[in-house]
Amino acid sequence: MNETFACKLISPEKVLFDGQLWQLTAHDEFGSFSVRAKHQDILAKLAHGNLEIAVSPEKRTTYKIKSGILSMKKNTCLVTSDIFEPLS
């Protein structure tokens with residue numbers, strides 16, 4: 001079984017996702033990065049690009065964002081962005 005972590009995707013209008021993820025992939029000014037369960041605490045300013053959430057290796061959803069903030073602390077991830085445009 002894949003280890004998971006708690007995650008919320010929040011826009012000014014609503015909570016788009018609130019559940020367990022296997023992996024989250026995003027972009028900052030240095031390029032693409034992923035977080036998984038037990039990742040070291042991180043605070044990142046997200047850049048324009050795709051944000052992919054995966055509840056398992058086989059089940060993934062991708063959003064286009066303009067910018068945002070990602071916080072990962074104590075196995076809990078919070079992503080805020082003005083726009084989450086679904087791509088898949």
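Here is a friendly set of questions and answers about this predicted model.

User: Let's start with charged side chains. How many salt bridges does the structure hold?

Analyst: Side chains of opposite charge can pair when their charged atoms come close. E3 and K38 meet in this way, and so do E52 and R60. The number of salt bridges in the structure is two.

User: What is the N to O distance between E3 and K38, and how far apart in sequence are the parts they tie together?

Analyst: The side chains of E3 and K38 meet with 3.2 Å from N to O. E3 belongs to the segment before β1 (5-10), while K38 sits in the loop between β4 (31-36) and β5 (42-46), so the salt bridge ties together parts whose separation in sequence is 35 residues.

User: Is K38 buried or exposed?

Analyst: The cut-off for exposed is over 50% relative accessible area. Its salt-bridge partner E3 is partly exposed at 48%. K38 has a relative accessible area of 65%, so K38 counts as exposed.

User: And what is the N to O distance in the salt bridge of E52 and R60?

Analyst: Both residues are partly exposed: E52 has a relative accessible area of 22%, and R60 has 33%. Their side chains meet in a salt bridge with an N to O distance of 2.8 Å.

User: Moving on to rings, which geometry does the pair of Y63 and F84 have?

Analyst: A search of the whole structure turns up one aromatic pair. The ring centres of Y63 and F84 are 5.8 Å apart and the planes stand at 85 degrees. Planes over 60 degrees apart count as edge-to-face, so the geometry of this pair is edge-to-face.

User: Where do Y63 and F84 lie, and how many residues apart in sequence are the parts they tie together?

Analyst: Y63 is in strand β7 (residues 60-65), and F84 is in the loop between β9 (76-80) and β10 (85-86). Y63 is buried at 9% relative accessibility, and F84 is buried at 9% as well. The pair ties together parts whose separation in sequence is 21 residues.

User: Which residues form the covered face of β9?

Analyst: In a regular strand the side chains alternate between the two faces of the sheet. On β9, the uncovered face holds T76, L78 and T80. The covered face is made of C77 and V79.

User: Which strand runs parallel to β9, and which pairs with β9 in the antiparallel sense?

Analyst: Five bridges join β1 to β9 in parallel, and here K8 has L78 as its bridge partner in β9. Five bridges also join β9 to strand β8 (residues 68-73), in the antiparallel sense, with M72 bridged to C77 of β9. The parallel neighbour is β1, and the antiparallel one is β8.

User: Which residue takes a positive phi in the hairpin of β8 and β9?

Analyst: Most residues other than glycine have a negative phi, and most peptide bonds are trans. This hairpin has two residues between its strands, and one of the loop residues has a phi near 50 degrees. That residue is exposed, with a relative accessible area of 70%, and its name is K74.

User: What is the phi of K38?

Analyst: K38 is found in the loop between β4 and β5. Although K38 is not a glycine, its phi is positive, at about 65 degrees.

User: What is the strand order of the open sheet, and which strands stand at its edges?

Analyst: The open sheet has five strands with antiparallel pairing, in the order β4-β3-β6-β7-β10. Two of these strands have a single partner each, so one side of each is left without a neighbour in the sheet; these edge strands are β4 and β10.

User: Within that sheet, which residue of β7 is the bridge partner of I53?

Analyst: Strand β6 (residues 49-54) and β7 pair in the antiparallel sense over six bridges. The partner of I53 in β7 is T61.

User: Finally, which strand gives the largest share of the largest nonpolar core?

Analyst: This core has 21 residues, and those touching the most other members are F5, L9, L24, L46, L51 and V79. Beyond its neighbours within four places in sequence, L46 is in contact with residues including A26, F33, L51, I65 and V79. The largest share of the core, three residues, comes from β1.

Definitions and conventions:
Residues numbered from 1 in each chain as written. Predicted model: local features only at pLDDT ≥ 70, side-chain atom pairs only at ≥ 80, totals over all residues. Heavy atoms only, no water. Salt bridge = Lys/Arg side-chain N within 4 Å of Asp/Glu carboxyl O. Helix = DSSP H or I, 4+ residues; strand = E, 2+ residues; numbered from the N terminus. Buried < 20%, exposed > 50% of the residue type's maximum accessible area, 1.4 Å probe, protein only. Phe/Tyr/Trp six-rings, centres within 6.5 Å; stacked < 30°, edge-to-face > 60°. Pairing = 2+ DSSP bridges. Core = buried A, V, L, I, M, F, W, Y, C linked by side-chain atoms within 4.5 Å. Contact = heavy atoms within 4.5 Å.
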